Amino acid sequence: MLNKIAAGAGVAALAVAMAASPASAAPKNDARPVNDGAYCVQQGLGTLKSLGLLQAAAQRQIDYSTLADPVTGPIFADLPEGSNYSLGYVVKLHTTNPGLFAWCAR
């Protein structure tokens, strides 16, 4: 029960983050947001969904160090083992530091 609540809270936080994107994040003709952070969040969510990891991310069950390498990515960082961050924190990183994520490159 608590896992479902946590997953719901994570998805709700993600929705709030996306809704809080500035008006300048409106899609262009190519359907990509102008705002790099909003674009990056969309790409990150899409990546998690395509890998079947969105629920695990919402439940803090992903060790992001397994996806991180400062040179080759796809997360361009040196993370210690056990980097099980909250989905809200990872979403915030997508908006503040889109360059950390290979899927955010335009």
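The protein chain of this predicted model contains four helices and zero strands, and its elements, read along the sequence, follow the pattern α-α-α-α. Of the 106 residues of the protein chain, 33% count as buried. Among the contacts in the protein chain with a separation of 6 or more, 46% are accounted for by residues 24 or more positions apart.

A useful place to begin is helix 2, which covers residues 36–50. Helix 2 has 15 residues and reaches 21 Å from its first C-alpha to its last, a span close to the 21 Å expected at 1.5 Å a residue. The buried residues of helix 2 are Gly37, Ala38, Tyr39, Cys40, Val41, Gly44, Leu45, Thr47 and Leu48. Just after helix 2, Gly52 takes a positive phi of about 70°.

From here the reader can turn to the packing of helix 2 against helix 4, the latter formed by residues 87–96. The axes of the two helices come within 7 Å and cross at roughly 135°. Because angles from 35 to 65 degrees and from 115 to 145 degrees are neither roughly parallel, roughly antiparallel nor roughly perpendicular, helix 2 counts as oblique to helix 4. The crossing in which helix 2 passes helix 4 is right-handed. On the side of helix 2, the residues that take part are Gly37, Cys40, Val41, Gly44 and Leu48, and they meet Leu87, Val91, His94 and Thr95 in helix 4. Sorted by character, the residues of this contact divide into five nonpolar, four polar and no charged. Gly37, Cys40, Val41, Gly44 and Leu48, named above for their part in the contact with helix 4, also appear among the buried residues of helix 2.

The loop between helix 3 and helix 4 holds two further points of backbone geometry, one at Arg60 and the other at Pro74. Helix 3 itself spans residues 54–58. As background, most residues other than glycine have a negative phi, and most peptide bonds are trans. Arg60, by contrast, has a phi near 55°, which is a positive value in a residue other than glycine. With a relative accessibility of 48%, Arg60 counts as partly exposed, since that class lies between the limits of 20% for buried and 50% for exposed residues. Further along this loop, the peptide bond from Gly73 to Pro74 is cis, with omega near 10°.

Notes. Residues numbered from 1 in each chain as written. Predicted model: local features only at pLDDT ≥ 70, side-chain atom pairs only at ≥ 80, totals over all residues. Heavy atoms only, no water. Axes fitted to C-alpha atoms, helices over the stretch in contact; angles between N-to-C directions. Left-handed = near helix turned anticlockwise from the far one by under 90°. Contact = heavy atoms within 4.5 Å. Nonpolar A, V, L, I, M, F, W, Y, C, P; charged D, E, K, R; others polar. Expected span 1.5 Å × (residues − 1). Buried < 20%, exposed > 50% of the residue type's maximum accessible area, 1.4 Å probe, protein only.
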